[in-house]
Structures are given as structure tokens and as C-alpha cells.
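Trainee: Could you pick out one part of this model and take me through it closely? I would like to know what it touches and where it sits.

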Amino acid sequence: MNQTLDPVFASALRRHLVALPVERAGRARRRLAVVCGAGITAVALGGVAAATLRPAAELATPPLAAPVIVNGVGPASVVLPKAPRGATYVRIELACYDGDRCATPGGSVDGPNRPGFAKVQRDALPLTATPDPANAQQLAPADPTEGIPVDVDPGTHWRLYAVYTDRLNPTSAPLDDGRVLGIPSDQEVPDLVPALATNGKRGWIDYQLLTHRAEPTLTENGTSQAPLPVYADDGTTVIGSAEVSESNR
Amino acid sequence: MTSLDEAATWRKAVAGDGDAFGLLFDAHQHRVYRHALRMLRDRHDAEDVLAATFLELWRRRDAVRPVDGSVLPWLLVTAGNLSLNQARGLRRYRAFLQRLPRSEELAAAAETQALAQVGLDVDPALLAAITSLNATDRQLLSLVALEDYPLRVAAEALGLSEQAARSRWQRLRRRLAQQHTPDSLTFAAEH
């Protein structure tokens with residue numbers, strides 16, 4: 001078998017794979033540098049200089065509108081509000097709490113249902129036909145006011161988190177305690193993601209409690225889960241709560 | 001992989017050790033490639049699936065569960081899914097895959113010879129049967145019939161109880177028999 005695998009291809013692929021964990025570790029070191037860098041203008045850690053000590057919420061790419069969180073059962077189309085000016089992508093996190101298939105226009109996560117173990121499909125749908133060199137997918141522009149397809153098996157309980165942004169991969173930023181806040185991207189899944197509290201305040205909610213570790217009660221029309229606390233930009237102060245179990249209409 | 005503590009190596013990779021990730025690639029690249037090649041019967045397509053499978057291993061590292069201390073069952077399941085759903089599954093990596101260099105020296109004749117040497121002649125009826133199944137049964141059959149995993153390991157890789165896997169397996173056998181699929185499948189599953 002060995003001789004049939006192209007050694008040139010395998011070697012190039014291996015080099016790329018070996019670099020992946022190192023790149024991630026580099027990002028972690030940069031976060032640490034921010035944490036440790038109070039009063040220090042620049043700290044070299046693994047060749048990476050410390051960033052300036054601006055608040056994480058200022059460094060992170062802001063959402064262009066309040067994120068949408070809806071739930072449903074089976075294949076569906078989720079209609080979003082009109083994209084705000086400047087929006088070029090809608091970032092999506094589709095969590096499927098049962099079923100074998102969890103797909104959006106840009107990809108899918110397939111596999112058998114594991115109770116208590118959500119599948120999460122991450123996607124970025126372009127809103128314009130303007131070529132983006134950073135985007136390898138080259139999907140046709142989406143019109144979220146016409147609906148975003150949720151491609152799941154019949155009977156699958158799902159939750160969709162959607163947020164408008166002006167770039168394919170929004171920048172995340174570290175809090176003082178090392179947690180990261182921001183909009184999910186292909187490179188980073190933050191600990192805290194933007195959300196709108198029921199009192200109208202914008203803040204941040206726990207990504208894992210929204211998706212992988214949500215463990216909601218599955219209902220006839222979607223899911224049922226207690227509202228999540230919404231945190232201020234410090235990631236700690238609770239400023240409200242976010243409803244995460246609204247059904248898709 | 002006999003001398004390598006794979007579970008520890010995987011933990012090191014997730015913690016940022018690139019060399020550890022490289023060791024896992026070294027250990028499993030050929031099994032994953034062969035699995036894809038059996039399904040696709042095209043060297044370049046199988047290479048694409050191999051690459052996408054390891055990229056998915058990294059992208060979904062938080063959700064990967066080693067089975068019996070090995071990530072190979074997860075890799076095979078993923079490679080199987082990607083092989084049967086190339087257009088969608090590989091879209092995310094298309095630009096990257098196009099940049100990876102390929103040898104031109106492997107002529108078609110040599111490729112054909114190599115395929116024959118390694119016994120990749122999977123019965124077309126079996127392949128057709130595999131593609132006609134739902135995702136779980138497809139993976140169950142692939143792991144057991146093509147990769148010789150015991151049913152217990154296949155069940156764990158797929159997140160099924162052993163009893164559920166055995167029940168699915170019995171249904172599969174009946175269905176394959178109805179489809180006149182050659183019963184070359186006495187399988188490790190029976191053990």
C-alpha cells in the first residue's frame with residue numbers, strides 16, 4: 001500500500017499538519033502575553049511580541065447586528081433580518097442534538113446520534129459575489145432574508161446561531177483570565193460569543209452552553225433550555241439573560 | 001503504532017505539539033488512504049480525502065474520541081463520510097488541496113498495478129450496498145467489512161451500544177442477503 005501514496009503529496013501534507021498545533025500554541029502564547037503584559041510594553045514569548053493591553057471587546061471584531069438564535073425540528077429554512085450595511089458574511093453555528101446529519105450550505109457534520117453529544121456545523125455564508133481571496137469555498141451569495149437552509153434528518157432537533165459580520169474570519173481577543181471572546185471563525189471558537197439579552201443589552205454568552213454542552217430538553221418544536229447569562233465586556237459581570245430556545249417561525 | 005502511546009500522543013498534539021500530530025499522521029496515513037482508495041478508486045481523490053480527514057481531525061479535535069486509545073477508528077469513519085460525500089465534505093479545503101504538490105511520476109499503469117497488489121478489489125456489489133445505506137449503517141459496514149474491526153470497536157467508534165450495533169448488524173446482513181451481495185462478509189464482527 002505504501003508505494004501508492006504519493007510521497008511528494010504526503011510530505012507536503014505532513015508539513016502543513018505539523019504546523020497546525022504549533023500555530024495554535026502560538027495564539028495561546030499571545031493570549032498569555034496579554035495576560036502577563038500589564039505594565040510591559042512588549043514581551044517576547046516564543047518570538048511573539050505581546051499585544052497592547054486594550055480591552056478584549058475592543059480588539060474583537062464586533063457583530064454588525066444582534067445575533068439570531070432559533071431552534072427547530074427537521075429540515076427548515078431560517079429567515080434572518082436584512083443584513084446591515086457593510087455585512088459581507090453571515091457566520092453560522094448549527095448545533096444538532098440528535099439525528100445523523102447536520103448540514104448548512106457550506107458543509108456538514110455527519111455521524112450517528114450520540115445522546116448528550118451535539119454535532120456542530122460551522123459555516124460562513126458570503127453575502128456578496130465579490131471574490132474573497134481568504135475564502136476557499138466560493139459559495140454563491142446567500143440572501144438570509146429568503147432563508148438559510150438547515151439540512152438535517154427529519155426529526156432532528158437543532159439550534160442555529162447566526163451573526164452578521166464584515167469578514168470571513170472575525171478576530172477574537174483574550175480576556176485577562178485567558179478566555180477568548182468574539183465571533184466564531186474558521187480559526188477560533190471563542191469561549192464567549194455575542195448575544196442580545198432580553199433587556200435589550202448586548203453582551204456575551206458562553207459558547208459551549210449554547211452549543212456542545214447545552215443539553216437542552218428536546219421538544220415538539222425545538223428545544224427548551226433555561227436562559228443563559230449575558231456578560232458584560234469583562235466576561236464576568238452579568239448584565240442580563242438571553243433566551244436561547246425560541247422556535248424558528 | 002505498536003511502540004507509540006497513541007492516546008498520549010494525541011493529547012500532546014492537542015496541547016500544541018506539532019511533532020506529535022506528525023507522528024499520528026505517520027502512523028495512520030496509509031490506512032486512511034487505503035480506506036478512501038477502496039471507496040473511490042481514484043488516487044487523487046483518495047489523496048484529497050486523506051488530507052481532508054486529517055484536517056478535520058484537527059478542526060474537530062475537541063469532539064474527537066479515541067477508541068481503545070486510538071484515533072484511527074475516528075479517522076476511518078471520517079474518511080468514509082468524506083469519500084461518499086466529496087463535493088460537500090471537501091469544499092472547505094478545496095483551495096488548500098489544489099496547492100498541495102503531486103508527483104507526476106506515478107503513471108497510470110503503475111497505479112493500476114499497485115492497486116491490484118494491495119488487494120483493493122472490493123466487490124462492486126458491496127460498494128453499491130455501502131453507498132445505499134444510511135450514514136450509521138454505512139460506517140458500520142465499512143469498519144467491519146473493509147477494515148476488519150470487531151463489532152465492539154466499530155460500535156464504540158460510532159457511538160453505539162454493542163447491543164445496538166449487533167442489532168443493526170443483523171439487519172444489515174439480512175438486507176445484503178436480499179440484495180444478493182456476495183457473502184464474503186463473515187467478518188471480525190462475528191467474533
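Mentor: What follows is a close look at α2 of chain B and its surroundings, with a short visit to chain A at the end. This is a predicted model, in which local features need pLDDT of at least 70 and side-chain atom pairs count only at pLDDT 80 or more, while totals for chains, interfaces and linings use all residues. Residues are numbered from 1 along each chain as its sequence is written, and chains are lettered from A and ligands numbered from 1 in the order in which they are written.

Let's start with the helix itself (a DSSP run of H or I, at least four residues, numbered from the N terminus). α2(B) spans residues 18-40, and a kink of about 50 degrees is centred on His28(B); the bend is the angle between axes fitted to the seven residues ending at a residue and the seven starting there. Just after the helix, Arg41(B) has a positive phi of about 60 degrees.

Now for the partner chain. Contact here means C-beta atoms, placed from the backbone, within 7 Å. The contact between the chains involves 34 residues from chain A and 41 from chain B. On the chain B side, α2, α3 (43-59), α4 (72-84), α6 (94-99), α7 (108-117) and α9 (135-146) each supply at least two residues. The largest share, nine residues, comes from α2(B).

The helix also has a place in the interior. The largest nonpolar core (buried Ala, Val, Leu, Ile, Met, Phe, Trp, Tyr and Cys joined through C-beta atoms within 7 Å; buried means 20 or more other C-beta atoms within 10 Å) has 58 residues. α2(B) gives the most to this core, with 10 residues. Those with the most contacts inside the core are Ala36(B), Leu140(B) and Ala154(B). Beyond its neighbours within four places in sequence, Leu140(B) is in contact with Ala154(B), Leu158(B), Ala165(B), Arg168(B), Trp169(B) and Leu172(B). Another core lies apart from this one, with 52 residues, among them Val68(A), Leu80(A), Ala118(A) and Val244(A).

Finally, over to chain A, whose secondary structure comes to three helices and 16 strands (a strand being a DSSP run of E, at least two residues). Four of the strands form an open antiparallel sheet in the order β2-β7-β4-β5; strands pair if DSSP finds at least two bridges between them. β2 (76-78) and β5 (107-110) of chain A each have a single partner strand, so one side of each has no neighbour in the sheet. Three bridges join β2(A) to β7(A), residues 148-152, and Ser77(A) stands opposite Pro149(A) in β7(A).

Key:
Contact = placed C-beta atoms within 7 Å. Buried ≥ 20, exposed ≤ 12 C-beta atoms within 10 Å, placed from the backbone.
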